[in-house]
Amino acid sequence: MTLPLAGIKVLDFSEHGFVPSAAAALADFGADVIKIERPTGDPMRLVHPNRLVPDADGVEYMYDLVNRNKRGIALDVTVPAGREVFERLVGWADVYITNQLPRVRRKLRTEPDDLFALNPTLVFAKGHGYGQAGPDAESGGFDGVSYWARGSVAHVLTPDGSPEPINQRPALGDIPSGMFLAGGICAALVHVLRTGQGTVVDTSLLGAATWALSPDLAYASVTGETMDSGPERPRSPLTFAYRTSDGRYLQLIMLDDDRYWAPACRALGLGELVDAYADDAVRRPAWPELRARFRAAVAGLTRAELEARLRAEDCIFSVFADPPEVVADPAIAANGYLMAHPAVPGLRLAAAPVQFDDAQPAIRRPGPRLGEHSAQILTALGYAADDVARLVEDGVVAVSPDPAR
């Protein structure tokens, strides 16, 4: 299995979902990731106990989702002995990842210049809510406010006239934004390789939202208006969603009318339309009435019938799948897009959406228990057994009562 980041050492001093998910992606790619947690633990561990996401038979899937394939140390960096451990870890690392705000970094002396003094070839990666400049650079943020609300994602997805905004799905902004940060880190590693100089990588949830909504924002910048959702805007009947006879929605997206007009009509039992509307000059003015013909044809067929017919004609389509159907999708299984958890039967976690040499990623270890690898990491840093015991006894380091996995 190709692990292109094998040998790259990552120190992940971040919490919640967004930035830890970037470190998880790097771990999927083979990096050796050590996660630092405060002795009380990453607040992400409280997401399930506080019922911020739906229960799944007691499986705390959110923490594992953004922390798989990492080792963990629980460390108090605010005391001198803890700072010494932290500085050794910084010296060990190729990449340092954090979501600490500037005011926290100043307090903890973890600003880029502080760490470059310890390791001048470090990639210093930071993620936050609103960007590294401007009036809110010091403000806290979460995907629900920075990405979903302020980034306009909720606005454009909420139907006109709705009494309330559409509900956000868990970590809808966090997980993609983490992948953006991971991509920037990989680019920065190339920079360090070429120049021998450390560099800073920055990603924000608000910036990620502007990337996700870039067509809407380009339109708004020219017109000063919000792009309408366009369900009734005249366009080809080959680009709409239709309801089947058994209550499912079928999405057609065939942008090349000349190529797909005849196959789509044959698949829907509308062969009489093939020649009658073969020319775009004739077909385009009739789009509204042709859409009605397509709607009626789809409404008379089941999902299974339509899938067989459209596939036989090599049309581009999909039924609107629900999450259980995605989990069971043979394409998902064949490509390894959902990885089996090594310790929780049945649990599948999304893989970082990049593969190398056609090899599929895997979860090599679950998300670490609090302090699970503390002793192991300290030993590797050169601490003797007595020193480790003293750090634990003094409360500088916490260790898991269970053996490291």
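**Exercise 1. Where in the chain does serine 152 lie, in a helix or in the loop between two helices?**

*Solution.* The model is a predicted one, in which local features need pLDDT of at least 70 and side-chain atom pairs count only at pLDDT 80 or more, while totals for chains, interfaces and linings use all residues. Residues are numbered from 1 along each chain as its sequence is written, and side-chain values use heavy atoms, with hydrogens and water left out.

Step 1. Serine 152 lies in the loop between H6 and H7, where helices (H or I, at least four residues) and strands (E, at least two) are DSSP runs numbered from the N terminus.

Step 2. Its phi is positive, about 75°, although serine 152 is not a glycine. Most residues other than glycine have a negative phi.

Step 3. Serine 152 is partly exposed, with a relative accessible area of 22%; buried means under 20% relative accessible area, exposed over 50%, and partly exposed in between (1.4 Å probe, protein chains only).

Step 4. A positive phi also appears at aspartate 358, with a value near 60° in a residue other than glycine. Aspartate 358 is placed in the loop between E11 and helix H18 (374–380), and aspartate 358 is exposed, at a relative accessible area of 77%.

**Exercise 2. Describe the surroundings of serine 146, beginning with the element that holds it.**

*Solution.* Step 1. Serine 146 belongs to helix H6, and at 0% relative accessibility this residue counts as buried.

Step 2. Leaving aside neighbours within four places in sequence, serine 146 is in contact (heavy atoms within 4.5 Å) with Gly129, Tyr130, Gly141, Gly151, Leu205 and Leu206.

Step 3. With tyrosine 130 there is a polar contact between the two side chains, at 3.4 Å. Such a contact is a pair of N or O atoms within 3.5 Å; within protein, one must be able to donate a hydrogen and the other to accept it, and residues adjacent in sequence count only if both atoms are side-chain atoms.

**Exercise 3. Which elements give two or more residues to the largest nonpolar core?**

*Solution.* Step 1. A nonpolar core is a set of buried Ala, Val, Leu, Ile, Met, Phe, Trp, Tyr and Cys residues joined through side-chain atoms within 4.5 Å. The largest one has 32 residues, and those with the most contacts inside it are Val10, Leu26, Val95, Ile97, Val123, Leu181 and Ile185.

Step 2. Two or more residues come from each of helix H1 (18–28), strand E4 (95–98), strand E5 (123–128), helix H6 (143–149), helix H7 (153–157), helix H8 (174–195) and helix H9 (205–212). H1 gives the largest share of this core, 7 residues.

Step 3. For leucine 181, the contacts beyond its neighbours within four places in sequence are Val19, Ala22, Ala125, Lys126, Gly127, Val201 and Thr203.

**Exercise 4. Set out the linings of the two largest pockets, by element and by class.**

*Solution.* Step 1. On a 1 Å grid over the protein atoms alone, a pocket is an open set of points with protein on both sides within 12 Å along at least five of seven lines, a cavity is a set where a 1.4 Å probe fits but cannot get out, and lining residues have an atom within 4 Å of a point. Grid points are joined across faces, edges and corners, and a volume is the space filled by probe spheres set on the points.

Step 2. The largest pocket has a volume of about 1,300 Å³, and of its 42 lining residues Leu65, Leu338, Arg348, Leu349 and Ala350 lie nearest its centre. At least two lining residues are supplied by each of H1, helix H2 (61–67), H8, helix H16 (323–328) and strand E11 (348–350).

Step 3. By class, this lining has 33 nonpolar, 4 polar and 5 charged residues, where Ala, Val, Leu, Ile, Met, Phe, Trp, Tyr, Cys and Pro count as nonpolar, Asp, Glu, Lys and Arg as charged, and the others, Gly among them, as polar.

Step 4. The second largest pocket has a volume of about 1,000 Å³; it is lined by 42 residues, with Glu15, His16, Pro43, Asn99 and Phe142 nearest its centre. H1, H2, helix H4 (102–108), E5 and H8 give two or more residues to this lining, whose classes are 22 nonpolar, 13 polar and 7 charged.
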